[in-house]
Amino acid sequence: MKAKGILFTILSALLFGITPILASKTYQMGSNALTLTFYRETMVLPLLLAVLLLRRIPMRVTRRQLAFLCLVALLFRGATTLMLNLAYLSVGVGAATTLHFMYPVFVALLCRVLFRERLGRARIAALVMATAGVVLFLEPGGGSSALLGSALALGSGLTYASFMVSNDKTFLRQMDPFLVTFYTAGAVALGMLLFGLPTGQLVFALPPRAMFYTFLVAVCSSFLAVILLQIGVRYLSATTAAVFSLFEPVSCAIAGALWLSESFTWRKLLGSAVILG
């Protein structure tokens with residue numbers, strides 16, 4: 001079970017790592033953070049519904065469960081996606097993803113403070129090494145825009161940590177991952193629509209290639225990666241899964257260097273080695 005959890009979590013991290021490249025491409029074609037968030041959650045709903053129907057999973061939830069799912073979706077999952085997409089515009093894909101990956105530390109702290117979970121020497125050592133690897137990814141310099149982007153990326157790490165802890169420490173752990181993803185995706189899509197229409201931030205007229213990239217982002221991140229992560233958390237724990245999710249900034253930095261011509265310095269190379277270690 002633990003081996004399966006590790007495998008699923010790493011696969012989830014690799015999928016999450018390549019999708020920011022596609023997201024950045026859509027921005028160059030007229031999309032924005034809110035539009036991408038809306039479409040990636042909307043496009044994945046038919047896929048999730050088909051899986052639920054084929055597997056004959058009961059879709060009925062209580063009012064209490066629905067309210068909690070909407071709360072988790074908007075405050076944690078939706079806020080994470082929106083802040084991270086905004087951070088890409090300010091500090092780049094590689095730096096934003098790396099800062100976002102302070103979330104394993106946030107997961108450990110939340111589990112320790114809220115649930116008195118003992119970390120153990122091995123987890124503490126892994127988290128210290130992970131933090132050191134993340135710090136090596138950071139590049140000096142930058143103005144107020146870079147500061148705002150960094151704050152958004154760190155904020156997305158905190159909300160994502162809250163999402164992982166919610167999946168591990170609440171009744172969501174006993175619910176089917178596809179069902180949880182379906183309701184949270186629907187709540188985020190509805191939230192983005194209600195906010196985007198009156199503010200005029202939703203862009204509906206996107207070129208076909210941008211829509212295709214957005215669909216790939218939806219399938220890879222909002223469908224496959226989220227479900228693989230939820231399964232990984234079920235087999236492991238939120239803290240342990242968070243550590244193995246650190247494969248994401250490494251894959252994202254490499255992909256950014258290959259396809260977006262972002263710099264891959266010796267600091268990032270050393271940081272990758274430390275994180276993998």
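Asn32 caps the N-terminal end of helix 2, with a side-chain oxygen 3.2 Å from the backbone nitrogen of Leu34. Such a polar contact is a pair of N or O atoms within 3.5 Å; within protein, one must be able to donate a hydrogen and the other to accept it, and residues adjacent in sequence count only if both atoms are side-chain atoms. The model is predicted: local features need pLDDT of at least 70, side-chain atom pairs count only at pLDDT 80 or more, and totals for chains, interfaces and linings use all residues. Residues are numbered from 1 along each chain as its sequence is written, and side-chain values use heavy atoms, with hydrogens and water left out.

Helix 2 covers residues 33-54. Helices are DSSP runs (H or I, at least four residues), numbered from the N terminus. The expected span of helix 2 is 32 Å for 22 residues, taken as 1.5 Å times one less than the number of residues. The end C-alpha atoms of helix 2 lie 33 Å apart, which agrees. Helix 2 nevertheless bends by about 30° at Leu45. The bend is the angle between axes fitted to the seven residues ending at a residue and the seven starting there. A proline, Pro46, follows Leu45 within four residues. Just after helix 2, Arg56 takes a positive phi of about 55°.

Six salt bridges are found in the whole structure. The criterion is a side-chain nitrogen of Lys or Arg within 4 Å of a carboxyl oxygen of Asp or Glu. Glu41 pairs with Arg40, the closest N and O atoms being 4.0 Å apart. Both Glu41 and Arg40 are buried (under 20% relative accessible area; exposed is over 50%, partly exposed in between; 1.4 Å probe, protein chains only).

Lys169 forms a salt bridge with Glu117 at 2.6 Å, N to O. This pair links distant parts of the chain, 52 residues apart. Lys169 belongs to helix 7 (residues 144-169), whereas Glu117 sits in the loop between helix 5 (103-115) and helix 6 (120-137). Lys169 is partly exposed, because its relative accessibility is 31%. Glu117 counts as buried at 14%. Lys169 also meets Asp168 in a salt bridge (3.6 Å, N to O). Asp168 is buried, with a relative accessible area of 8%. Shared partners join Glu117, Asp168, Lys169 and Arg173 into one salt-bridge network.

Thr181 lies in helix 8 (residues 177-199). Its relative accessible area is 0%, so Thr181 is buried. Leaving aside neighbours within four places in sequence, Thr181 contacts Leu48, Arg77, Ser222, Val226, Ile227 and Gln230. Contact means heavy atoms within 4.5 Å.

Key:
Helix = DSSP H or I, 4+ residues; strand = E, 2+ residues; numbered from the N terminus.
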